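This report takes up an internal cavity, two sheets with the helices that pack on them, and the confidence of the prediction. The sequence and the structure come first.

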Amino acid sequence: DNLNTSIAETHTVASGPSAAHVNEVQSRIKEILSKCSSGVWVSKMPQIYREMYWEELSTAVLRQLENWPHVCTVEKVHRGDQMDGLLYPAKKIPPIAKSDTEQEKACQNVTSSKVDPLLKPNMETTPASLSSDFKQKVVNILLKYSSGLWANALPKLYQDTYQVKFPEDILNNLELLSDVCIVDYVSEVPRKAILYAKPQRRIDENLNVTEKVRRHDGVKATAEQQYEESKDQHPENITVPPLIIPSEGSVSVMVLELKNTNEVLIRQVYYSSAQEQMEDDMKAYYSQNSTVSLAQSLSVGQLVAVHAEEDAWLRARIISLEDKRIKASNYFFWHLEKDLKQSFIFMILCFYSLFHYQVCYVDHGFSEFVESNSVYKLQKQFNSLPFQAARCKLAGLEIFCDDPVLVKTVESQTCSKIFAVEILEKSDIPLLVLYDTSGEDDININATCLKALYDKSLELHLQVDALYTNVRVTSVFSDGSLYCQVPSKGLSRLSEILQKLEDYFRYKTQTSEFNVSLPFCGKICLFPSKGKWARVEIRIIHTRRALDVQFMDTGTVATVKVSELREIPPQFLREVIAIPPQAIKCCLADLPPNTGMWTPDAVLWLRDTVMNCPEFSMKVVKQDGSKGIAHVYLFAPENFPDMDHSVNRQIKNADLWKHQKDVFLSVAPSGTSSTKVTSDAVSAVRLTSGRLEKSFSDSAREPSSAVSTIDMPPPLPLSKTGELMDVYVSVACHPGHFIVQPWKELHNLEALMEEMILYYSRAEEKPVNIEKNKLYAAKIENQWYRVIIKGILRNGFLSVYELDYGKHEFVSIEKVQPLMDTFRKLPFQAITAQLAGVKSQQWSEEASIVFRNLVEKKPLVAQIQAVNESTNSWDRKIVTFLVDTSLPDTDIWIHDFVSQSLVEFSKDD
């Protein structure tokens, strides 16, 4: 009854394929490379192969690529600490350039008054009619433009692609195409519209291929037809492709049924267009075809078509024929209506009378009893769509999959509810993490349900007005909150199990077998800290090598390398998981309510006071259950229980709460040695005469020639004028200003970003002298970037420019550190650019949006026409053509498209 069952095995390239099969694989690889002008990572090839041909590519094939020079060229590349490779078409040296003829043609077109390098001579054609073939050709073009295509650009693309003239009269009546595309009119001018491809029968929104298998060997003989029809009578001869869950983009699912956490039945929330179309086709076929017959000689597992309620026709699988009824418990399922997506119909399975079959609807996940006269033979044309209900596993819960407490918790938390999905492992039964996104914060369901395994006897519940001694403060945060450990049964048990782990690993010659190979948020693992093992929970994954963890028993947050983490040995896993976190979140009670954000001086004072004392006494005065935080008074042992000498009163009475008007200043007074700043404390900033420095808008008008050239990275080498260069567009404002990055250097930039995360997350923060037009490292949204300071703002923020990505950002002074020499070697990657082939002008919002949709976040080919040099590499500007080479048969010159759009805009005005 596994709904994922398929014949995937027959689609896998075997380790010892036939010569014919090898030739087919080689041919397909050539086809992939011909469509990817910028090259393909070897590590990405299996995914691309699977998405294009719906077959798995064997790792044995990847190892043979270097031995196939007639198929591809392999360039080995270091990506961080791993070796990867780039694949290019055979006998071509990267970056991929056009042939000599094409280059000559391109150069001629660039110098001509009107560049039109792709225009083919008109061929004589008969007047095009809206045949299905014509519509499919239009759809094939629109599918290449996920952001939409201007209608006026369709004729040229159609002619370039198929060498047949497009019937211009269709542009005056775009509704003729409404059955195959969505027409979005942006003005009253009929031709001024954007076309979007409708999801086709062949390809649903989840990229599940449903194209019918066509035979190209002519008409089959009657005997062969009879043989094929007889084979279809047997359920084992009916094959359905597996459901392919997309690896990118947002996926929402509903949990239908749960046997254990390794067998969770899910389905996508909304019907895919292919499923809707299939069910409509089934209804039309079975309702109008008088020759359809009821299913005969049914067997368990057989696929059938069922005439269900509300005149719906659905695919189903026979579950049981035992005495024409089955012993089963009631099953509840909220079913999402096709037209009323927010309405649920409560369905209850119950026992029907004798002579009914029990079936499971394979696209919806629920079961029911149906009468025998509602069950029909499932025709072959309805076998091509993957079952839309699929089984999955919940990550982190595998070992405890059958635990009754855990299963009951997961069931209560998930069944009949909608979740966002993170896919960790794509397989016949994919490995998932579920997220509840209905509230203000996203909730990791896997991690939440794992708490059901906590040993309740080891939980510590603080009591209001209770006094606790021998309390240890383990961490202090910039908002004044802190984590404490209180002596308890749980803390003693934790010490025992960590000692067991220490003894276990001591006798292991190497612990690499316990390396964490699949990190994900919410996963609990081990980390070596101060010579001992500590429990940590993964909170944020930055890159393949770096991630943030929180120490479960101290509350500390740190960035670590993935290679430093270890899996918990299976024999200790239940014991380790059963102990609740021993870090209790607290805040100091009765501090002035109007202090707002804690000042750096106050945070440093508190940190120095509590972290340097081995133990405290603590009184709980309030519990805030909604925030999970206890309001406490802390006392040094010698001051307990004198409230006037509590830590709370001392910090309250100290002059530490006055924020500076402009920025936060260092705790170190003038003439004294500066205090060490650790964790997330704020760095120092020295301002001249206490006045505000010029804002970003002022500094932007100043030349940045004041930047020192000492320890500057070398300038980024550019292609010669007229040559081609593979680029990635990171930012696009309008045709007069966008940012490109060299494609071949992206892996080096990725490695640099990883190293910066690891370095700055562990480095001791130092007071920083902030100066305009100087280089620094800045933390922006959990990443560290190389930046130049453009302005110092009044509210404690800086205006910075990201030298590798070309973005202007505002960042807190706290998040800026010196840029170390080791991070000054790679040339700055952001290149400011202007589009060639169009006149400079004040770009309208419409034109800017069109341009942004065409190029931003996309790999393109640049043909540089001019370089405006500058003393500083980030002030250089290039004038360049951009070419989209993603289409298999034609190249799109962006300036042509922009020019055509401007003509349309001017007509509308």
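In this predicted model, the largest cavity is lined by 11 residues, and those nearest its centre are K156, L157, I892, F897 and Q900. Its volume is about 110 Å³, and it belongs to a set of eight cavities of 30 Å³ or more that the structure holds. Three elements, namely α6 (154-162), β39 (892-893) and α18 (894-908), each supply at least two residues of the lining of this largest cavity. Sorted by class, that lining comprises six nonpolar residues, one polar residue and four charged residues.

Turning to the sheets, five strands close into a barrel in the order β20-β21-β26-β28-β27, with mixed pairing. Neighbouring strands of this barrel are turned against each other by 55° on average when direction is ignored. Strand β20 (residues 467-476) runs antiparallel to strand β27 (residues 616-624), and three bridges join the two; within this pairing L467 has K619 of β27 as its bridge partner, while Y468 stands opposite M618, also in β27. Helix α13 (residues 600-611) packs on this sheet, where it touches β20, β21 (482-485), β26 (584-588), β27 and β28 (629-635), and its direction makes about 130° with that of β20.

Strand β20 also pairs with β21 in the antiparallel sense, here over four bridges, and R472 stands opposite Q485 in β21. The hairpin of β20 and β21 has five residues between the strands, and in it G480 takes a positive phi near 90°.

A second sheet is open: four strands form it in the order β22-β23-β24-β25, and their pairing is antiparallel. Its edge strands, each pairing on one side only, are β22 (524-529) and β25 (557-561), and the twist from one strand to the next averages 50°. Between the edges, β23 (residues 532-541) and β24 (residues 546-551) pair in the antiparallel sense over five bridges, with I540 standing opposite D548 in β24. Two helices pack on this open sheet: α11 (residues 489-506) touches β22 and β23, whereas α16 (residues 746-762) touches β24 and β25. The direction of α11 makes about 100° with that of β23, and the direction of α16 makes about 140° with that of β25.

The helices that pack on the two sheets are set out below.

| Helix | Residues | Strands touched | Angle between directions |
|---|---|---|---|
| α11 | 489-506 | β22, β23 | about 100° with β23 |
| α13 | 600-611 | β20, β21, β26, β27, β28 | about 130° with β20 |
| α16 | 746-762 | β24, β25 | about 140° with β25 |

How confident is the predictor, and which stretches score below 50? The protein averages a pLDDT of 75, and 74% of the residues score at least 70. Over residues 92-128 the pLDDT is below 50, and this stretch has 52 contacts in the model beyond near neighbours in sequence. Residues 659-709 likewise have a pLDDT below 50, and, again beyond near neighbours in sequence, that stretch has 110 contacts in the model.

Note on methods:
Residues numbered from 1 in each chain as written. Predicted model: local features only at pLDDT ≥ 70, side-chain atom pairs only at ≥ 80, totals over all residues. Heavy atoms only, no water. Pairing = 2+ DSSP bridges. Axes fitted to C-alpha atoms, helices over the stretch in contact; angles between N-to-C directions. Contact = heavy atoms within 4.5 Å. 1 Å grid on protein atoms, 1.4 Å probe; cavity = no way out; pocket = protein on both sides within 12 Å on 5 of 7 lines; lining within 4 Å. Points joined across faces, edges and corners; volume = space filled by probe spheres on them. Nonpolar A, V, L, I, M, F, W, Y, C, P; charged D, E, K, R; others polar. pLDDT = per-residue confidence, 0-100.
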